[in-house]
Amino acid sequence: MLLLGCIKEVSDYELVISLPNGLSGFVPVTQISDAYSKLLSMQVAQGELPEDLNSLSDMYSPGTLVRCIVTSAEKSDDGRRSIKLSIDPKKVNKGLNASALATGMLLSGSVSSVEDHGYLIDIGVIGTHAFLPHEKAKSYIKAIKRGTDLKIGQNLNCVITEVKNEGRVVRLSIDRSEVAASLATERQNWALSNLLPGLVVKARVQKVAPVGMKLTFLSYFTGIVDFMHMDPEKSMNYSPDQVVKACILSVHPSSKTVRLTLRPAFLHPGGSPNQLSSGRMGAVVEESTVKAFYKQFGALFELDDGTLAFARLKHLSKNRKSFKLEAFKAGCKHKCRIIDYSLMDEMCVVSLKYEVIQARFLQYQDIHTGDVVQGKMLSLKPIGMQVKVADGIKGLVPSIHLADVVLKQPEKKYNIGDEVRCRVLECNPAGKKLILTLKKSLIQSKLPVLSNYEDAKPGLITHGFVVCAREFGCIVKFYNDVKGLVPTNELSSEPISCPDKVFYEGQVVKVMVLKCEPQQERLLLSFRLSSKSGPEDKRECTSKEKREVKYQIGQIVDVKVLKKKDNGLEVAVLEDEGNVVAWIPTLHLSDFVDTSKLLWHCLQEGDVLPRVMCLSDKGEHVILSRKSAVISAVQEEQVVRSFFEIQPGMLLTGYVRNVMPFGVFVEFPFGVTGLAPKMSMSDKFVTDTKDHFVVGQTVIAKVMSIDEEKQRVLLNLKVSECSSGDSAAESFALLNQYFKELKEIKDLLRREEPGVAQSLCELVPGKELQLVVQDVREDGSALFSGSCVTGLTVTATRYHLGDKNIVPGKKMKALVLHVDALTSKVYVSLREELLKQ
């Protein structure tokens, strides 16, 4: 069945379409067009986004009329009808052939490619090439304000302006004035087999009845206009033989029934139906007046603002027994609630049911994070429980949220149909996503609901739940996916060596916010709710409070390691006779992240580190850096000391502070921070930002733009954009620094007891070894042993075994490829072409 529909909602995977007579359907992302489906297939096959692939929200917006064809109609478990649609021109225009195409015809098309002089349009007619020149698309592109070009997969209302070679070549226009003036005529030779919804015709009234009227159009076609689609201003004044303008709404394939509308919004192709005024959805109308009652359909009402509304039979009373016909005579007044709006009927849908009028929620937008809601259990699956909160509103209780403790057999506690009391953890109306919890500790909590990082002020105490417990501490989650870290020193007043044995996933905990950086979505928490400090903390605080700011940023000092902590080194500044305690974060021990971890591992208490630079001194604590590139930039004055010194085009050396899905935050000496958006991170296409950068990595960034009002800096991290000119010299300097630090690490390793450390120092890439095959793994890789690699794990991948016959106990020659000192792993190759070199 062919229908004219209006886009109601746009999501990543479907279009929700408003259909005539209050119905709704949806168009899956795979039913847009052949060209768009091909791009989607490429994305799945290649694992990355093709350049021409745009999201549905980039191409479609609510309020746009589209021609659809019904592909399936099924009833869901809750009795609702699910109508699946397609807007693919090959399906919508399947009744058309090349010989039937004529100048002035209005039909649907979809952009299949962008060419130099225009666009190739798929109109779904086999053997026909349709072309849309640029000048015929300009006014449309300007009006919709979605970029400078049409996009592949974009659905268009097209007028045929020229037909050549018996319909094999056609020229189209989507010019708004030409489309709006389009009128279907007898000359275009329309037949019942190819008649399309959306065509505007001149029709003659044949018969008028209370529920609608019958029209004739295009000489020999007949059609029906129901009571909802008469012009509200003229509904009582139609008479036989009257000539009216009408728009085709639907064409039924088997009964050949054609339905039309006389509503003014549809009488100009390319128009848009009236929308419901904001804030009206869900409104309760104290007095609505019955305009008419239709015994097979429902009742038509006039609301308090003069607009018309319709109530289906099932929404007029609680049940059939309580229905009283005399209560719905014209002029009777009733209390009702607006439960929906039909764009295609330009009419509110209302309910007179008491339970609907009193209902707390009608749509996802009515539900807020932190709300306590009553629901009914629909099903129980491994991922969790599905709960019905209201008609059309469902939520998920993840398995860890079924109770305060993790349930091994939740089916013994819950049964289908049970009433459950939940609290809303997350609500996304656009994606119709609702996440709930059944944990009593969270439902009954009187503490503030933490649902965004901006509200996480230091000192705030609230409830959350543990999602991860590791050696570094616990990650605690709150509402709306807000999460923070409780480091090991804040887990308890007593040291906890194995947090994973003390805390479990899903455990409800009371925490205090210590620090929050909303822009970076970083939150530091504590389980130690008392603000009182221990004697040692007091001593440290007092000494810090007394000390004035002494070190300038950029000042070079020598330091001695006092204590190794999880994320850095506590050091004493030698110039101050060791009286000033400073901090070197692990990631600031080197420009190279892996080297930083190695250095932290090899350094011991009492070691002296020369030439370390002051990065920050706020009087409370001194933070130092040993990053060579950062130190050089400060010493050579290639830095900015404040936001106002930044100029577009500058090349600045900094380090990655945070990696987010949308880009990378880079910090520079003197505290200036900038953002490199995803599109400006790499010369390669970026799918996942974490594949390209890690926190602590030293980078050179180019300033793209600055926003003085918001004090924002946009950066470019593309290698092609961030070279100062002599890229070879820069690369050699970087390599030189890397090898210099590797030598330093080997010197630190050599002082340890002979054994593993000594073996690691002697193994260098390119060294030839005599090894014995120890084992061959399932993945084809092999493990080796030998006197020169005692205590080390020596591995060769399947590729690096070459074509050698590998059996345990066999002696083999191998070449060292890489030595990982941190994990004591050595990677070797047995390939002949490498051994010969």
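Helices and strands here are DSSP runs, numbered from the N terminus, with at least four residues for a helix and at least two for a strand. With that in hand, one spot is easy to find: I174 sits in the loop between strand 10 (169-173) and helix 5 (176-180). We'll come back to that loop shortly, but let's look at the whole chain before going residue by residue. Keep in mind that this is a predicted model.

By the DSSP count, the protein chain holds 14 helices and 45 strands. Its radius of gyration comes out at 36 Å, while the globule rule gives 28 Å for 837 residues, so the chain is more spread out than a compact globule. If you lay the C-alpha trace along its principal axes, the spans are about 105 × 70 × 65 Å.

What about burial and contacts? Of the 837 residues, 45% count as buried. Among contacts with a separation of 6 or more, 58% are between residues 24 or more positions apart. The exposed area of the chain is about 43700 Å², and carbon and sulfur atoms supply 51% of that. As for charge, there are 108 positive and 98 negative side chains, and the centres of these two sets are 8 Å apart.

Now back to I174. Its relative accessible area is 2%, and buried means under 20%, so I174 is buried. What does I174 touch, once neighbours within four places in sequence are set aside? Its contacts are L132, K136, A137, Y140, L150, L156, N157, C158 and V179. You can also pair I174 with H134: they are 40 residues apart in sequence, and their C-alpha atoms are 10.0 Å apart in space.

Strand 10 has another loop worth a stop, the one between strand 9 (155-164) and strand 10, where you'll find N165. If you're checking backbone torsions, note that N165 has a positive phi of about 50 degrees although it is not a glycine.

E346 is another non-glycine residue with a positive phi, near 50 degrees. Look for E346 in the loop between strand 19 (333-342) and strand 20 (347-351). Is E346 buried or exposed? With a relative accessibility of 12%, E346 counts as buried.

Next up is Y220, in the loop between strand 12 (212-217) and strand 13 (221-226). Exposed means over 50% relative accessible area, and Y220 has 61%, so this residue counts as exposed. Its side chain has a polar atom 3.4 Å from the backbone oxygen of W190. A191 can be paired with Y220 as well: the two are 29 residues apart along the chain, with their C-alpha atoms separated by 9.8 Å.

Last stop: R280, which lies in the loop between strand 15 (258-261) and strand 16 (284-294). Here's a charged side chain to think about: where does R280 fall on the accessibility scale, buried or exposed? At 15% relative accessibility, R280 counts as buried. Its side chain makes a polar contact of 2.6 Å with the side chain of D304. Not counting residues up to four places away in sequence, R280 touches V285, L303, D304, D305 and I338. D304 therefore turns up both in that contact list and as the polar partner of R280.

Technical notes. Residues are numbered from 1 along each chain as its sequence is written. This is a predicted model: local features need pLDDT of at least 70, side-chain atom pairs count only at pLDDT 80 or more; totals for chains, interfaces and linings use all residues. Side-chain values use heavy atoms; hydrogens and water are left out. The radius of gyration is taken over C-alpha atoms; the globule rule is 2.2 Å times the number of residues to the power 0.38. Buried means under 20% relative accessible area, exposed over 50%, partly exposed in between (1.4 Å probe, protein chains only). Contact means heavy atoms within 4.5 Å. Accessible areas come from the Shrake-Rupley method with a 1.4 Å probe; for residues, only the protein chains shown count as cover. Lys and Arg count as positive and Asp and Glu as negative; His and the chain ends are not counted. The place of a charge is taken as NZ of Lys, CZ of Arg, CG of Asp or CD of Glu. A polar contact is a pair of N or O atoms within 3.5 Å; within protein, one must be able to donate a hydrogen and the other to accept it, and residues adjacent in sequence count only if both atoms are side-chain atoms.
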